Amino acid sequence: MNEKIKELESTNLLNISEGLANCGFDEDFYIEIVSDFINALPIDELNKILSERDIYLYQVTVHKLKSSSKIIGAGELSASALHMEELAKSKDLDALLSSHNDFINKCTNFKNIIEGIIK
């Protein structure tokens with residue numbers, strides 16, 4: 001097993017088996033997909049969207065994040081994105097606003113930890 005894969009596994013942020021399965025068990029391809037995911041995390045975009053109170057676009061954006069998180073094996077992040085998607089879908093702006101910062105912090109922490117390994 002590739003050293004980066006071992007380090008990623010040690011974070012307990014990724015289900016490596018699930019992510020590798022979704023990448024045809026190609027470790028280099030998996031690292032590339034995780035890197036692309038990290039580079040595309042819509043943290044600033046979600047902050048901007050919410051500041052503009054565009055709940056529908058927020059819902060669409062976290063839906064994409066939920067799906068891509070699941071593909072790389074980031075189940076906990078995917079579950080958090082699902083929760084935010086459900087809040088947006090219910091159009092509960094107050095709940096969305098009160099949960100947003102925790103969600104963004106989770107995304108940022110995830111990014112910082114994973115980026116430190118794959119860069």
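Okay, a definition to begin: I call a residue buried under 20% relative accessible area, exposed over 50%, and partly exposed in between, with a 1.4 Å probe and protein chains only. Take E18 as a case: its relative accessible area is 26%, so E18 is partly exposed.

Some housekeeping. What you see is a predicted model, where local features need pLDDT of at least 70 and side-chain atom pairs count only at pLDDT 80 or more, while totals for chains, interfaces and linings use all residues. Residues are numbered from 1 along each chain as its sequence is written, and side-chain values use heavy atoms, with hydrogens and water left out.

So, the overall picture. The protein chain has 7 helices and 0 strands; by helix I mean a DSSP run of H or I with at least four residues, by strand a run of E with at least two, numbered from the N terminus. Reading from the N terminus, that gives you α-α-α-α-α-α-α. Along the principal axes, the C-alpha atoms fill a box of roughly 45 × 25 × 20 Å. The radius of gyration is 15 Å, which agrees with the value near 14 Å for a compact globule of 119 residues. That one is taken over C-alpha atoms, and the globule rule is 2.2 Å times the number of residues to the power 0.38.

How much of the chain is buried? Of the 119 residues, 41% count as buried. The chain exposes about 6400 Å², and carbon and sulfur atoms supply 49% of that; the areas are Shrake-Rupley ones with a 1.4 Å probe, and for residues only the protein chains shown count as cover. As for contacts, meaning heavy atoms within 4.5 Å, take those with a separation of 6 or more: 65% of them are between residues 24 or more positions apart.

Now the inside. In soluble globular proteins, nonpolar side chains tend to be buried together. Here the largest nonpolar core has 36 residues, and L8, L14, Y30, Y58, F103 and F110 have the most contacts inside it. A core, for me, is a set of buried Ala, Val, Leu, Ile, Met, Phe, Trp, Tyr and Cys residues joined through side-chain atoms within 4.5 Å. Which helices feed this core? At least two residues each come from α1 (3-10), α2 (16-22), α3 (27-40), α4, α5, α6 (75-89) and α7. Helix α7 gives the largest share, 9 residues.

Put Y30 in the middle of your screen for a second. Neighbours within four places in sequence aside, Y30 is in contact with I5, L8, L14, I16, G19, L20, C23 and I72.

Next, helix α4, residues 43-51. Its buried residues include I43, L46, I49 and L50. Why do I put these four on the same side of α4? Because they cover an arc of only 130° around the axis, where the arc is that of the directions from the helix axis to the C-beta atoms. The general rule behind this is that an α-helix has 3.6 residues a turn, so residues three or four places apart point the same way. Turn α4 around and you find D44, K48 and S51 exposed on the other side. The cover over the buried residues of α4 includes α5 (55-72) and α7 (93-118).

Just past α4 there is R53, in the loop between α4 and α5. R53 has a positive phi of about 60° although it is not a glycine, and with a relative accessible area of 46% it is partly exposed. F25 does this too: a positive phi of about 60°, and not a glycine. You'll find F25 in the loop between α2 and α3, and at 62% relative accessibility F25 counts as exposed. For background, most residues other than glycine have a negative phi.

Last topic, charges. The structure holds 5 salt bridges, a salt bridge being a side-chain nitrogen of Lys or Arg within 4 Å of a carboxyl oxygen of Asp or Glu. Back to E18: it pairs with K70, with the closest N and O atoms 3.7 Å apart. That pair links distant parts of the chain, E18 in α2 and K70 in α5, 52 residues apart. K70 is partly exposed, at 46%.

And which residue pairs with E85? It's K66, with the closest N and O atoms at 2.9 Å. Again distant parts of the chain are linked, E85 in α6 and K66 in α5, 19 residues apart. Buried or exposed? E85 is buried at 6%, and K66 counts as buried at 18%.

One more: E52 forms a salt bridge with K48, closest N and O atoms 2.7 Å apart. E52 is partly exposed, at 48%.
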